[in-house]
Amino acid sequence: MKPIGSQPGSTTASRQLVRRLLTWFAINARDLPWRHTLDPYAIWVSEIMLQQTQVKTVIPYYERWLRELPDLARLAGASSERLHKLWEGLGYYTRVRNLQKAAQAIVAQHDGRFPRDFDAILALPGIGRYTAGAVSSIAFNEPRPIVDGNVIRVLARLLAISGDPKDKAVAEQFWSLAARLVATASQLPPVALPAGSLLQLAGNCSVLNQSLMELGATVCTPVNPRCPDCPVRAGCVAHQTDRVARFPQTEKRQSAARRRFVALVIRRGNKVLIRQRPAGVVNAHLWEFPNVELDLQETDPVNAASRALTLKLTNVSGLGAVRHSITRYRITLECYRANALGRPPRGTGRWTPLTQLNELAFTAAHQKLLKRAGLGPT
Ligand code: SF4
């Protein structure tokens with residue numbers, strides 16, 4: 001098997017590579033819940049959930065979502081509180097708000113049926129080139145490419161592609177290569193699943209795109225790739241030249257920055273003071289305990305919180321620190337239980353019955369604090 005990049009203009013090597021990937025995936029695909037359906041709605045939901053999130057985390061969210069909101073109409077009509085609760089813990093909450101906006105657009109503009117046309121899919125809120133390509137190929141078997149981190153790693157190593165994949169020109173190389181491979185797949189005879197397989201695969205375009213992602217997730221992993229088990233090792237330039245660790249040539253990330261917050265669990269009888277984050281900020285619409293960011297050098301966090309929130313605090317006791325990482329920040333939330341004298345100023349929060357806490361979606365760090373304070377699910 002020759003590397004596909006060694007014969008510009010020729011499709012022979014591409015065909016060979018694609019055939020191997022198709023056969024490998026048909027036998028080795030992991031049995032994942034969204035591979036049992038060709039429903040574009042379900043496939044779209046899974047693709048949005050899988051952005052920035054690991055498969056094993058997504059599975060229970062996906063299954064619960066489809067039980068509660070099994071179709072576009074129910075998603076379009078769901079309350080914001082319910083949507084955020086179903087998404088609670090997945091992070092990047094703009095995704096769930098865009099899911100609903102897109103469902104509402106489909107109901108309004110496409111009679112509630114998920115559009116087949118690629119440009120119509122791409123025009124929906126929250127759907128970019130990757131997601132449109134994924135739904136189009138996986139649900140409808142259209143020869144549309146997809147490029148994500150896994151695909152980039154596989155292709156970068158297969159062809160020893162130089163340059164940072166975040167660079168626009170380099171990124172275009174990956175897209176055009178992925179387009180060439182999926183177009184090749186569409187011209188080959190359909191791959192057959194082994195007898196007894198419950199997987200639902202729309203056809204070769206679906207299989208080819210999923211095979212590249214699957215290979216990157218399970219074999220061509222970022223560290224210690226399993227080259228001896230790889231179906232395309234004979235045509236892999238990085239493997240053949242012993243340079244696997246050099247690809248992809250992604251720029252090193254900035255190291256994470258530290259941030260400190262103090263949070264207060266303030267109860268009055270069977271109510272607790274919580275507030276909802278406003279629109280337009282990170283974790284918008286989610287709930288949290290009153291909190292303030294601290295200077296890294298601050299030595300009296302309770303006093304700092306009391307001043308910033310204009311609250312008179314009594315009976316303060318420590319609940320320990322909650323640690324949480326988000327994007328490039330390492331966050332420490334220093335937590336205290338306290339009572340507050342007088343009426344809290346506007347904007348500090350709302351007195352909420354403890355029995356309602358389970359219905360509200362909290363940010364990930366404050367979910368941990370809920371548990372720490374004995375107010376959330378254990
Ligand atoms: Fe990745 Fe190794 Fe396969 Fe090349 S041979 S694609 S480096 S797993």
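How many cavities of 30 Å³ or more does a search of the whole structure find? The search, carried out on a predicted model, finds 1 such cavity, and its surroundings are described below together with the pockets, the strands and a few backbone features.

**Overall architecture**

The protein contains 14 helices and 7 strands, and its C-alpha trace spans about 80 × 50 × 35 Å along the principal axes. Of the 378 residues in the protein, 48% are buried.

**The cavity and the ligand**

The largest cavity has a volume of about 120 Å³. Its lining is made up of 15 residues, and those that lie nearest its centre are Arg157, Cys220, Cys227, Cys230 and Cys236. Helix α9, which covers residues 149-159, contributes 3 residues, the largest share of this lining. By class, the lining of the largest cavity divides into 11 nonpolar, 1 polar and 3 charged residues.

Where does the ligand sit? The ligand sits in the largest cavity, and the residues around the ligand are Arg157, Cys220, Cys227, Cys230, Arg233, Cys236, His239 and Val244. This shell around the ligand comprises 5 nonpolar, 1 polar and 2 charged residues.

**The two largest pockets**

The largest pocket holds about 1800 Å³ of space. It is lined by 45 residues, of which Gln52, Asp148, Gly149, Asn150 and Arg153 are the closest to its centre. At least two residues of the lining of the largest pocket come from each of α2 (40-50), α3 (55-68), α8 (129-140), α9, α10 (168-187), α11 (204-218) and β5.

The second largest pocket holds about 890 Å³ of space. Its lining has 35 residues, and the closest to its centre are Val282, Asn283, His324, Ser325 and Ile326. Here the elements that each supply at least two lining residues are α6 (94-109), β1 (257-268), β5, β6 and α14 (364-372).

The table sets out the classes of residue in these linings and in the ligand shell.

| Site | Nonpolar | Polar | Charged |
|---|---|---|---|
| Lining of the largest cavity | 11 residues | 1 residue | 3 residues |
| Shell around the ligand | 5 residues | 1 residue | 2 residues |
| Lining of the largest pocket | 20 residues | 13 residues | 12 residues |
| Lining of the second largest pocket | 14 residues | 15 residues | 6 residues |

**Strand pairing around β6**

Strand β6 (residues 329-341) runs antiparallel to strand β5 (residues 312-326), and 12 bridges join the two. Among the bridge partners in this pair, Lys312 is matched with Leu341 in β6, while Gly320 is matched with Cys335 in β6. The hairpin of β5 and β6 has 2 residues between the strands, and in it Thr327 takes a positive phi near 40°. Strand β6 also pairs with β1, in this case in the parallel sense and over 10 bridges; within β6, Leu333 is the residue that stands opposite Phe261.

**Loops and backbone features**

Most residues other than glycine have a negative phi, and most peptide bonds are trans. Against that background, several places in the backbone deserve a look.

Tyr92, which is not a glycine, has a positive phi of about 45°. It lies in the loop between α5 and α6. Is Tyr92 buried, partly exposed or exposed? Tyr92 counts as partly exposed because its relative accessible area is 40%, a value that falls between the cut-offs of 20% and 50%.

Asn224, in the loop between α11 and α12, likewise has a positive phi, near 50°, although it is a residue other than glycine. Asn224 counts as exposed because its relative accessibility is 67%, and the exposed class begins over 50%.

A cis peptide bond, with omega about -5°, joins Phe247 and Pro248. Pro248 is placed in the loop between α12 (237-240) and β1.

Ser79 occupies the loop between α4 (72-77) and α5 (80-87), where it is partly exposed, with a relative accessible area of 40%. Its C-alpha atom is separated by 32 Å from that of Tyr336, a residue 257 positions away along the chain.

Note on methods:
Residues numbered from 1 in each chain as written. Predicted model: local features only at pLDDT ≥ 70, side-chain atom pairs only at ≥ 80, totals over all residues. Heavy atoms only, no water. Pairing = 2+ DSSP bridges. Helix = DSSP H or I, 4+ residues; strand = E, 2+ residues; numbered from the N terminus. 1 Å grid on protein atoms, 1.4 Å probe; cavity = no way out; pocket = protein on both sides within 12 Å on 5 of 7 lines; lining within 4 Å. Points joined across faces, edges and corners; volume = space filled by probe spheres on them. Nonpolar A, V, L, I, M, F, W, Y, C, P; charged D, E, K, R; others polar. Near = heavy atom within 4 Å. Sits in = over half its atoms within 2 Å of the grid points. Buried < 20%, exposed > 50% of the residue type's maximum accessible area, 1.4 Å probe, protein only.
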